[in-house]
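Here is my note on the model you sent round. Please keep the structure open while you read.

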Number of protein chains: 2
Amino acid sequence: MGGGGGTSDRILDAALTSFGSRGFEATSLDTLAKQLDIRKQTILYWFPTKDALLSAVIERSAAELAQAFESGLEGAGEGWAKVEAVVRAVFRLAARRPELLGLVREVARLGPPPATQMIEVLDPLMRRASDFLKAEMDAGRMRRHDPRLLLLAIYSTVIGMVTEVEVLKALGEEPTARSLVRRRADVLELLRSALRIEE
Amino acid sequence: MGGGGGTSDRILDAALTSFGSRGFEATSLDTLAKQLDIRKQTILYWFPTKDALLSAVIERSAAELAQAFESGLEGAGEGWAKVEAVVRAVFRLAARRPELLGLVREVARLGPPPATQMIEVLDPLMRRASDFLKAEMDAGRMRRHDPRLLLLAIYSTVIGMVTEVEVLKALGEEPTARSLVRRRADVLELLRSALRIEE
DNA sequence: CCGCCCATCTACCAAATGGTAGACAACCCC
DNA sequence: GGGGTTGTCTACCATTTGGTAGATGGGCGG
């Protein structure tokens with residue numbers, strides 16, 4: 001399968017981009033095919049249904065996301081440094097592969113079964129993150145919150161700051177690389193304050 | 001128009017709910033009609049096209065949102081009290097009319113022209129909010145941030161905490177009224193820390 | 001009482017969409 | 001050299017979808 005894999009990988013790339021930016025339902029097999037200069041029957045040769053294509057996109061993307069989180073955690077210290085490392089990793093991903101984060105939003109919007117599939121892959125990481133936050137709070141190195149709700153808040157803030165392009169423009173900011181850097185700084189500042197222990 | 005308005009209002013209600021939860025493209029005129037026990041031609045009698053229906057839904061929703069924000073601002077004091085009042089108003093809305101916030105997300109996702117339409121209505125409020133935050137920072141009553149990015153962060157966090165139901169469930173929390181109260185408390189705590197001036 | 005208007009419907013249309021079946025060419029291996 | 005496999009295509013199908021045109025019945029006003 002490695003030989004002809006060029007086409008199926010190109011299909012997955014195009015599908016990821018379109019699903020993550022235009023949405024799953026707004027993306028037709030014909031428009032994807034047109035972008036790739038192939039026929040939709042070729043897509044259906046590699047992926048028997050449109051849902052199967054989505055499933056393959058999610059599988060690959062979830063793996064890539066998990067890898068990005070893992071690499072963000074490598075070398076990270078404790079407490080805030082670790083949170084910062086992960087947030088920076090997500091922003092790096094946003095810079096290189098914005099469609100991935102767009103897909104995360106889209107899949108969450110679609111609900112089960114796509115959302116379930118994505119979550120099954122990311123769940124171990126989410127549990128580790130939650131456990132880590134709880135341990136830091138128990139050790140008194142981080143202000144006490146419900147770790148799960150804190151995770152949701154972090155997720156919401158980070159993903160929103162990265163993907164809510166229309167709202168960003170409405171606020172007078174263009175979605176440039178420079179703006180992304182500033183948004184990252186803001187998110188880190190906000191989260192650092194929220195997590196800090198104060199006397 | 002008041003006489004026959006029963007049907008067109010019911011259409012708008014059903015459309016809001018479906019657009020806000022399933023998405024615009026995933027909602028067909030036929031399925032909306034079925035829910036209302038009418039024919040899609042009846043929908044097209046009141047709204048000439050599906051896009052016109054969306055536009056009408058946005059117009060009504062944006063007005064309702066603006067009103068909720070305004071009412072949140074009434075009676076509010078200064079600084080943090082004002083931010084808290086607005087956040088509480090949004091959570092009240094989330095409890096009563098969750099589909100409204102779902103629509104906000106969906107419209108932002110769709111981009112122009114729907115996003116432009118929504119933003120045109122909310123822009124004056126966003127400017128007031130931004131100006132307010134800037135004035136508070138200038139007066140030294142609030143930690144200094146870029147007011148526009150802070151607004152985006154607040155928007156992202158609040159909307160995410162309210163609407164990211166799949167992620168919430170993945171974190172082991174059911175989207176109940178009780179959970180909404182706890183999420184509100186968390187968001188307020190997080191934002192309060194972020195905005196606090198510290199010595 | 002009748003005509004007009006409104007609101008809902010039936011019938012229909014064209015295009016889009018996801019999908020199936022088989023043709024065909026290139027390549028590889030026996 | 002021929003048969004089989006792979007990957008791409010054409011042709012086609014059924015259903016869905018957004019929309020149009022005109023029929024119909026109820027209600028209201030002159």
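The points below go from the ground rules to the protein pair and then to the DNA.

1. Ground rules. This is a predicted model, in which local features need pLDDT of at least 70, side-chain atom pairs count only at pLDDT 80 or more, and totals for chains, interfaces and linings use all residues. Residues are numbered from 1 along each chain as its sequence is written, chains are lettered from A and ligands numbered from 1 in the order in which they are written, and side-chain values use heavy atoms, with hydrogens and water left out.

2. How the two chains are related. Two copies of a chain are related by a rotation about an axis and a shift along it. Here a rotation of 180° with 0.0 Å of shift superposes chain A on chain B, with an RMSD of 0.1 Å. That is the relation of a two-fold axis. Thr157(A) has the C-alpha nearest the axis in chain A, 2.3 Å from it. The fit is by least squares on the C-alpha atoms of residues with pLDDT of at least 70 in both copies.

3. The protein interface. Contact means heavy atoms within 4.5 Å. In chain A, 45 residues are in contact with 45 residues of chain B. Of the interface residues of chain A, 100% are also interface residues in chain B, so the copies meet through the same surface.

4. Buried area. The two chains bury about 4,200 Å² between them, and 61% of that is on carbon and sulfur atoms. In chain A, Leu149(A), Leu171(A) and Leu190(A) lose the most area to chain B, together 16% of what that side buries. Buried area is the accessible area (1.4 Å probe) lost when two parts are put together, summed over both.

5. Charges across the interface. The rule finds 10 salt bridges between chain A and chain B. A salt bridge needs a side-chain nitrogen of Lys or Arg within 4 Å of a carboxyl oxygen of Asp or Glu. One of them joins Glu173(A) and Arg148(B), at 3.2 Å from N to O.

6. Which helix gives the largest share of the side of chain A that touches chain B? H8(A) does, with 11 residues. The residues of that side divide into 19 nonpolar, eight polar and 18 charged.

7. DNA strand C. There are 16 residues around this strand, and Lys40(A), Lys50(A), Thr7(B), Arg39(B) and Thr42(B) are the closest. A residue is near a strand if one of its heavy atoms lies within 4 Å of it. Sugar and phosphate make up 55% of the strand C atoms that come within 4 Å of the protein. Thr7(B) has a polar side-chain atom 2.6 Å from a phosphate oxygen. Arg39(B) also places a polar side-chain atom 2.6 Å from a phosphate oxygen of strand C. H3(B) gives the most to this surface, with four residues.

8. DNA strand D. Again 16 residues surround the strand, and the closest are Thr7(A), Arg39(A), Thr42(A), Lys40(B) and Lys50(B). Tyr45(A) has a side-chain N or O atom 2.9 Å from a phosphate oxygen of strand D. H3(A) gives the most to this surface, with four residues.

9. Look at Gln41. A polar side-chain atom of Gln41(A) lies 3.3 Å from a base oxygen of strand C. Gln41(A) also has one 3.2 Å from a base nitrogen of strand D. Gln41(B) has a polar side-chain atom 3.2 Å from a base oxygen of strand D.

Definitions and conventions:
Polar contact = N/O pair within 3.5 Å; in protein donor to acceptor, adjacent residues only side chain to side chain. Helix = DSSP H or I, 4+ residues; strand = E, 2+ residues; numbered from the N terminus. Nonpolar A, V, L, I, M, F, W, Y, C, P; charged D, E, K, R; others polar.
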